[in-house]
Amino acid sequence: MKRMLSCVGIVALACLLGACSAPSGSTSGDGGANAAAEAVQAAEPAIAINPSPDKYTWYVKSYVGMNASQVGYTALDGSRREYYGDNAMRIVFVSPDGTYINPQDEDLLKQYRVVGQNLAPNTEIKYTFTMLSDGTESSLVKWSSIDEIVLSVSKIEDTSGTTIDMTEISAAPDQYHYYIKDYTGRNLAACGYISLGGELRDYVGISNVKLDITADDGSYIDLSTDTGDGQDSDQAYQQAIANLSQYVVVGQNVAPNTEGTLTMMKDADGNEYDNLVDTQSIESVGLTVHKLDSAS
């Protein structure tokens, strides 16, 4: 309904402007109305997103055309996220030139629009939930079949339509399987998170993998978030992100969509723990990175 009203408003405004600017003797504003109608017809058609049938099933939204600042929100950990039901799905922005799109910088985000997404609208997302001691489900999502949604963005004034190749990452069938993401082309600061141990890691299902960094010029990339000399840890964390943001990923040693498997630890009664992984087939992914020219 909102879309229909917007179209009517545009046409009405065009008619009014056409009538006001028409020379004396002109009897209609058809030229303005026709131009407005053509603009509406040329716009991308809205994609209807499937409604969620229950709390376990959700569908990926259509983001193409949106301003980047209007996608989701900035979470406390500094990442960009958007709620799909009870889960805050991670949103990752990538640019054609590998520039870091800081998800916390609203003014920067306003300069970009979404031109592509790695998961098609209406891609299905499945959840499971943690269990309470009485055997009932909590409202906390234990596992999601999809870890993140990657959005390709470009500057608003860029009309070239340039985007990057978007790899659709397979949805995991259950919590015991996961698929390696496509990091090539991403800014290094948009890959995963810095752990408390000072390592670059990324979530895969209910577990995580270590991202081993190799700069093609052999340089050292400092990920330390605690200098140990009383410096504010948040300041050190931001410096570590700034260090990462100088690089773009140019290769990875595990191909995107490579399947990984894991098993869970069990208690004395043979029941699996919700979040304690016992074995994992892929524990790390090596990333080769190149320093951006603007950072040289």
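Hi everyone, let me start with contacts along the chain. If we take the contacts in this protein between residues at least 6 apart in sequence, 66% of them join residues at least 24 apart. Please keep in mind that what you see above is a predicted model.

Now, the overall make-up. The protein has 296 residues, and 37% of them count as buried. There are 4 helices and 16 strands. About 16000 Å² is exposed, and carbon and sulfur atoms supply 51% of that area.

Let's turn to one sheet. Which strands form it, and in what order? It is an open sheet of 3 strands, running β9-β14-β15, with antiparallel pairing. The edges are held by β9, residues 177–179, and β15, residues 272–280; each has a single partner strand, so one side of each is left without a neighbour in the sheet. On average, neighbouring strands here are turned by 45° against each other, ignoring direction.

Let me show you the pairing of β9 with β14. These two strands are joined in the antiparallel sense over 3 bridges. If you want a place to look, find His-177, which stands opposite Thr-261 in β14.

Staying with β14, this strand covers residues 259–266, and Met-265 is found in it. Is Met-265 buried, partly exposed or exposed? Its relative accessibility is 36%, and because partly exposed covers the range between under 20% for buried and over 50% for exposed, Met-265 counts as partly exposed. Met-265 also belongs to a nonpolar patch on the surface, together with Tyr-273 and Leu-276. Together these three residues have about 240 Å² of accessible area.

Next, a couple of stops in the helices. Helix α3 spans residues 106–109, and Asp-107 lies in it. With a relative accessible area of 54%, Asp-107 is exposed. What is the separation between the C-alpha atoms of Asp-107 and Ser-69? They are 8.0 Å apart, while along the chain these residues are 38 residues apart.

My last stop is helix α4, residues 233–244, where you can find Gln-238. Gln-238 is partly exposed, at a relative accessible area of 32%. Its C-alpha atom is separated by 9.9 Å from that of Leu-223, and the two residues are 15 apart along the chain.

That's my tour. If you would like to explore on your own, you could begin with His-177 and Thr-261 facing each other, and then move along β14 to Met-265. Thanks for listening!

Notes. Residues are numbered from 1 along each chain as its sequence is written. This is a predicted model: local features need pLDDT of at least 70, side-chain atom pairs count only at pLDDT 80 or more; totals for chains, interfaces and linings use all residues. Side-chain values use heavy atoms; hydrogens and water are left out. Patches are made of residues with over 30% relative accessible area and no salt bridge: like charges are joined within 9 Å, nonpolar side chains (Val, Leu, Ile, Met, Phe, Trp, Tyr) within 5 Å. Accessible areas come from the Shrake-Rupley method with a 1.4 Å probe; for residues, only the protein chains shown count as cover. A salt bridge is a side-chain nitrogen of Lys or Arg within 4 Å of a carboxyl oxygen of Asp or Glu. Buried means under 20% relative accessible area, exposed over 50%, partly exposed in between (1.4 Å probe, protein chains only). Two strands pair if DSSP finds at least two bridges between them. Axes are lines fitted to C-alpha atoms, for helices over the stretch in contact, and angles run from 0 to 180 degrees between N-to-C directions. Contact means heavy atoms within 4.5 Å.
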